[in-house]
Amino acid sequence: METVSENACFEGQQGVYTHASEVCGCDMTFGLFLPEEARDAPVPVLWYLSGLTCTHENAMVKAGAQKWAAEQGLAVVFPDTSPRGADVVDDDAYDMGQGAGFYVNATQAPWAPHFRMWDYIAEELPTLIGAEFALDMDRQAITGHSMGGHGALTLAMGLPGRFSSVSAFAPICHPTASDWGRKQFTAYLGEDEAAWAAHDATLLMRERGFDGPVLTDTGTKDQFFGLLGTHDFAHAAAERGQPVTIRLQPGYDHSYFFVTTFMEDHVAFHAEALYAGAV
């Protein structure tokens with residue numbers, strides 16, 4: 001692992017690091033905010049998964065998470081959204097290829113050799129940061145925006161017991177029924193739709209739910225509202241009897257202005273779950 005930068009931030013430190021990823025077969029970059037408390041003892045971890053076209057940097061500089069994480073004593077991890085590099089296959093469309101990993105392990109050519117973002121987020125990166133930084137990996141929570149909200153919800157339900165809580169900003173909730181999903185899953189996972197179900201939050205909610213608190217926020221003026229499947233996710237939660245908080249925020253769109261407006265709520269939501277039972 002190599003240090004790209006480390007900057008003082010709200011009495012803590014915002015770092016950017018690169019490492020050679022065996023899972024993705026390329027160099028990967030991530031951001032990590034450590035609060036002041038990490039100088040003395042391991043701190044709980046909040047994962048932030050970004051959306052289409054983003055790198056580790058977008059949320060790190062736009063979402064405003066560090067201020068609230070510092071107040072709560074939480075670390076925040078900002079992974080990249082896909083493998084990258086000259087040897088990594090790409091696509092001319094913004095919603096495929098580099099910047100659009102969709103947090104799945106691709107099984108189809110030409111994507112399979114590098115596009116293994118599920119294993120990267122679920123296994124490789126947690127192992128790396130847990131060994132290198134003062135992080136309490138027994139206390140983790142996860143959030144994300146858009147494609148990253150999809151990733152947060154599916155990882156939370158797909159890895160039972162890993163995360164204390166899950167939240168999402170304008171998540172893609174039902175990708176198997178959306179153009180933001182069917183296109184990518186066909187390319188990455190093949191035409192057998194049975195292989196897609198493990199990466200659809202609505203289907204996962206119907207099948208297994210989540211053993212912890214769930215929060216989503218979506219703007220009523222989100223320009224991509226029809227692609228998100230918010231109502232499908234809400235119906236699945238209701239049918240299951242899953243306690244969730246699904247908020248529609250009047251007048252807000254899909255942008256980082258929306259994300260930063262409600263970031264304080266989400267960090268506080270996760271802090272409550274992460275510190276529950278702590279003495």
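How many nonpolar, polar and charged residues are in the lining of the largest pocket? The first legend below gives the reply, and the others visit further parts of this predicted model.

**Figure 1. The largest pocket and its lining.** Welcome to the largest pocket, which holds about 180 Å³ of space. It is lined by 13 residues, and the closest to its centre are Leu52, His145, Ser146, Phe224 and His254. By class, the lining has 6 nonpolar and 7 polar residues, with no charged residues. Rolling a probe the size of a water molecule over the atoms shows where empty space is left.

**Figure 2. The whole protein chain, for orientation.** Before going closer, it helps to step back: the protein chain has 9 helices and 9 strands. Its radius of gyration is 17 Å, close to the 19 Å that the globule rule gives for 279 residues, so the chain is as compact as a globular protein of that length. Along the principal axes, the C-alpha trace spans about 50 × 45 × 35 Å. Buried residues account for 56% of the 279 residues. Of the contacts between residues at least 6 apart in sequence, 72% join residues at least 24 apart. The accessible surface comes to about 11,300 Å², and carbon and sulfur atoms own 48% of that area.

**Figure 3. Glutamine 140 in strand S6.** Here we look at glutamine 140, a residue of strand S6, which runs over residues 135–144. Is glutamine 140 buried or exposed? Glutamine 140 counts as buried because its relative accessibility is 4%, and the cut-off for buried is under 20%. Leaving aside residues up to four places away in sequence, glutamine 140 touches Val45, Trp47, Arg162, Phe163, Ser164, Ser165 and Leu274. Glutamine 223 is 83 residues apart from glutamine 140 along the chain, and their C-alpha atoms are separated by 31 Å.

**Figure 4. Helix H2 and its packing partners.** Helix H2 covers residues 65–72, and its buried residues are Ala65, Gln66, Trp68, Ala69 and Ala70. What do these buried residues pack against? Their partners are the strands S1 (2–9), S2 (12–21), S3 (26–34) and S5 (75–79), together with the helices H1 (56–62) and H9 (256–274). Look just after H2 to find glycine 73, which takes a positive phi of about 70°.

**Figure 5. Alanine 271 in helix H9.** This view turns to helix H9, where alanine 271 is found. With a relative accessibility of 4%, alanine 271 counts as buried. Apart from residues up to four places away in sequence, alanine 271 touches Gln72 and Leu74. Alanine 271 and glutamine 72 are 199 residues apart along the chain, yet their C-alpha atoms are separated by 6.4 Å.

**Figure 6. Backbone details in the loop between S5 and H3.** Most residues other than glycine have a negative phi, and most peptide bonds are trans. Which residues does a cis peptide bond join? The bond lies between alanine 109 and proline 110, with omega about 0°. Proline 110 has its place in the loop between S5 and helix H3 (117–132). Phenylalanine 102 is found in the loop between S5 and H3 too, and its phi is positive, near 60°. Tyrosine 103, also in this loop, is not a glycine but has a positive phi of about 55°. Phenylalanine 102 is buried, at 0% relative accessibility, and tyrosine 103 is buried with a relative accessible area of 0%.

Terms used. Residues are numbered from 1 along each chain as its sequence is written. This is a predicted model: local features need pLDDT of at least 70, side-chain atom pairs count only at pLDDT 80 or more; totals for chains, interfaces and linings use all residues. Side-chain values use heavy atoms; hydrogens and water are left out. On a 1 Å grid over the protein atoms alone, a cavity is a set of points where a 1.4 Å probe fits but cannot get out, and a pocket is an open set with protein on both sides within 12 Å along at least five of seven lines; lining residues have an atom within 4 Å of a point. Grid points are joined across faces, edges and corners, and a volume is the space filled by probe spheres set on the points. Ala, Val, Leu, Ile, Met, Phe, Trp, Tyr, Cys and Pro count as nonpolar, Asp, Glu, Lys and Arg as charged, and the others, Gly among them, as polar. Helices (H or I, at least four residues) and strands (E, at least two) are DSSP runs, numbered from the N terminus. The radius of gyration is taken over C-alpha atoms; the globule rule is 2.2 Å times the number of residues to the power 0.38. Buried means under 20% relative accessible area, exposed over 50%, partly exposed in between (1.4 Å probe, protein chains only). Contact means heavy atoms within 4.5 Å. Accessible areas come from the Shrake-Rupley method with a 1.4 Å probe; for residues, only the protein chains shown count as cover.
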